[in-house]
Amino acid sequence: MTKLIARQGDLAIGPGTRVTLHFSIHLAGGEEVDTTRRGKPAVFVVGDGNLPEGFEKALAGLRAGDDERIAMAPADGFGLRKKENIRTLPRADFASAEDLVPGMMIAFAAAGSTGELPGVVTSASADTVVVDFNHPLAGRDLVFDVTILGVEAV
């Protein structure tokens, strides 16, 4: 009698794994807002910060070959909208003050970091500009459609 040691698909997603997957993110009404399905698959290591924690938790236990549609509540996706993430800033702080229109995305230098923080202009007056720093999908019910292509130990 032979003993099966391992076969492809035996390793489940969890700590210490690298995951290769295709995904689509849809709004609850079905509109697709992001996908890898028309390009290269995404690759991440569980816990590396590339996926929100709620998405990682939803993938836990899945294996190569699994294909799932997972409903994501706002708290598990990109978080709830926070009033403190909406800021009123002096219009004079903007170099191109005449071009500011609602819906415009602007990259701001992130405090204490070398990275950038995107914000969306929600309104602009003669003296002030209101910028929303919430993630655009914060507060939204989502559907995370995933196909797990590979799971390997790191």
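The following exchange covers one sheet and several salt bridges in a predicted model.

Trainee: In what order do the strands of the open sheet of four strands run?

Mentor: Strand β5 (residues 86-90) pairs with β8 over five bridges, in the antiparallel sense. On β8 there is also β7 (residues 116-124), joined by four bridges and again antiparallel. With β6 added, the sheet is open and its order is β5-β8-β7-β6.

Trainee: Which are the edge strands of this sheet?

Mentor: The order of the sheet is β5-β8-β7-β6, with antiparallel pairing. An edge strand here pairs on one side only, and that applies to β5 and β6 (105-109). The edge strands are therefore β5 and β6.

Trainee: By how many degrees are neighbouring strands of this sheet turned against each other on average, direction ignored?

Mentor: The pairing in the sheet β5-β8-β7-β6 is antiparallel. The angle is given with direction ignored, and its average over neighbouring strands is 45°.

Trainee: How many residues lie between β7 and β8 in their hairpin?

Mentor: The two strands run antiparallel and share four bridges. Among the facing residues, Ala124 stands opposite Val129 in β8, and Val121 has Val131 as its bridge partner. The hairpin formed by β7 and β8 has a connection of three residues.

Trainee: Which residue in β8 stands opposite Thr88?

Mentor: Strand β5 spans residues 86-90 and pairs with β8 over five bridges. Strand β8 itself covers residues 128-132. Opposite Thr88 in β8 stands Val130.

Trainee: How many of the five residues of β8 are buried?

Mentor: Asp132 is an example, since at 9% relative accessibility it falls under the 20% cut-off for buried. Strand β8 (residues 128-132) is mostly covered, and its buried residues number four.

Trainee: Which residue forms a salt bridge with Arg81, and how far apart are the closest N and O atoms?

Mentor: Arg81 is partly exposed, with a relative accessible area of 43%. It lies in the loop between β4 (67-72) and β5, while its partner is in strand β8, so the pair ties together parts that are 51 residues apart in sequence. The partner is Asp132, and the closest N and O atoms are 2.2 Å apart.

Trainee: Is Asp145, which meets Arg37 in a salt bridge, buried or exposed?

Mentor: The side chains of Asp145 and Arg37 meet at 3.4 Å, N to O. This pair links distant parts of the chain, with Asp145 in strand β9 (residues 142-153) and Arg37 in the loop between β2 (32-35) and β3 (42-45), 108 residues apart. Arg37 is partly exposed at 33% relative accessible area. Asp145 has a relative accessible area of 14%, which is under the 20% cut-off, so it counts as buried.

Trainee: Which residues are joined into one network by salt bridges that share partners?

Mentor: One salt bridge in question is that of Asp145 with Arg37. Shared partners extend it to a network made up of Arg37, Arg69 and Asp145.

Trainee: What is the distance between the closest N and O atoms of Arg38 and Glu32?

Mentor: Arg38 is exposed, with a relative accessible area of 67%. Glu32 is partly exposed, at 33%. Their closest N and O atoms form a salt bridge at 2.6 Å.

Trainee: To how many salt bridges does the count come?

Mentor: The pairs include Arg38 with Glu32 and Arg81 with Asp132. A pair is counted when a side-chain nitrogen of Lys or Arg is within 4 Å of a carboxyl oxygen of Asp or Glu. The count comes to six.

Terms used:
Residues numbered from 1 in each chain as written. Predicted model: local features only at pLDDT ≥ 70, side-chain atom pairs only at ≥ 80, totals over all residues. Heavy atoms only, no water. Buried < 20%, exposed > 50% of the residue type's maximum accessible area, 1.4 Å probe, protein only. Axes fitted to C-alpha atoms, helices over the stretch in contact; angles between N-to-C directions.
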